[in-house]
Structures are given as C-alpha cells and as structure tokens.
Amino acid sequence: MCLHHVQWVREVPGGLHQCILCGEVVGWGDVYPKPEELTEDYRARWKAHEATRQALAPADAPAR
C-alpha cells in the first residue's frame, strides 16, 4: 500500500496526477498530506493542471 506523498506525485498528460512510486493515478483524496495542509501555490498548480483534462463524452451520447 502506497501513501502517495505529494513529493512523489507528478503531472501526467490528460490533466492527471500519478504517484511515481507505485504508478497509480491519484486525486486529491489519495495524497498525503491533505490538500488543506498544502500551500496555496501547490493547490493552484494542481487545479490548473486538472483543468487541462478533456471532458469525457457521456456513454449514452449519440456518436457523430
């Protein structure tokens, strides 16, 4: 089991974050320390990178 410390998390394409120790894609709820314990600058960079994630098409949307 990996703790996903923020020092082990990197930005990867698609607006995602990945733990470099275990390779898992992680979100806010997966990292340590908790987001509210991190600096505002770190949180802003995380959110800005996540904002680059492309919206997924709904599964029931008709193909064009």
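**Notes on helix H1 and its neighbours**

1. Let's start in helix H1, which covers residues 40–50: Glu40 and Arg43 sit 3 residues apart there, so about one helical turn separates them. Keep in mind as you look that this is a predicted model. The two residues form a salt bridge, with their closest N and O atoms 2.5 Å apart. Is Arg43 buried or exposed? Arg43 has 18% relative accessibility, so it counts as buried, since the cut-off for buried is under 20%.

2. A quick reminder on charge: side chains of opposite charge can pair when their charged atoms come close. How many salt bridges does the count come to? The answer is 3, and the Glu40 and Arg43 pair has just been covered.

3. Next, find Asp41 and Arg45, whose side chains meet in a salt bridge at 3.4 Å, N to O. Both lie in helix H1, 4 residues apart, which is about one turn of the helix. Asp41 counts as exposed because its relative accessibility is 52%, and Arg45 is partly exposed because its relative accessible area is 46%.

4. Glu50 and Arg53 are worth a look too: their side chains meet in a salt bridge at 3.8 Å, N to O. Glu50 has a relative accessible area of 24%, so it is partly exposed. Arg53 is partly exposed as well, at 42% relative accessibility.

5. Now for the rings. Searching the whole structure turns up 2 aromatic pairs. Trp28 and Trp46 have ring centres 4.6 Å apart and planes at 20°, so this pair is stacked. The pair links distant parts of the chain, 18 residues apart: Trp28 is in the loop between strand E3 (25–26) and H1, while Trp46 is in helix H1.

6. How buried is Trp46? Its relative accessibility is 2%, so Trp46 counts as buried. Trp46 also pairs with Tyr42: the ring centres are 6.2 Å apart and the planes are at 45°, so that pair is tilted. Tyr42 and Trp46 are both in helix H1, 4 residues apart, or about one turn of the helix. Tyr42 is buried too. Put together, ring pairs link Trp28, Tyr42 and Trp46 into a cluster.

7. Finally, step back to the largest nonpolar core, which has 9 residues in all. Tyr42 and Trp46 belong to it, along with Cys2, Val6, Val9, Cys19, Val26, Val31 and Leu38. Try clicking on Leu38: leaving aside residues up to four places away in sequence, Leu38 touches Val6, Trp28, Pro33 and Arg43. You've met Arg43 already, as the salt-bridge partner of Glu40, and Trp28 as part of the ring cluster.

Notes. Residues are numbered from 1 along each chain as its sequence is written. This is a predicted model: local features need pLDDT of at least 70, side-chain atom pairs count only at pLDDT 80 or more; totals for chains, interfaces and linings use all residues. Side-chain values use heavy atoms; hydrogens and water are left out. A nonpolar core is a set of buried Ala, Val, Leu, Ile, Met, Phe, Trp, Tyr and Cys residues joined through side-chain atoms within 4.5 Å. Buried means under 20% relative accessible area, exposed over 50%, partly exposed in between (1.4 Å probe, protein chains only). Contact means heavy atoms within 4.5 Å. A salt bridge is a side-chain nitrogen of Lys or Arg within 4 Å of a carboxyl oxygen of Asp or Glu. Helices (H or I, at least four residues) and strands (E, at least two) are DSSP runs, numbered from the N terminus. Rings of Phe, Tyr and Trp (its six-membered ring) pair if their centres lie within 6.5 Å; planes under 30 degrees apart count as stacked, over 60 as edge-to-face and the rest as tilted.
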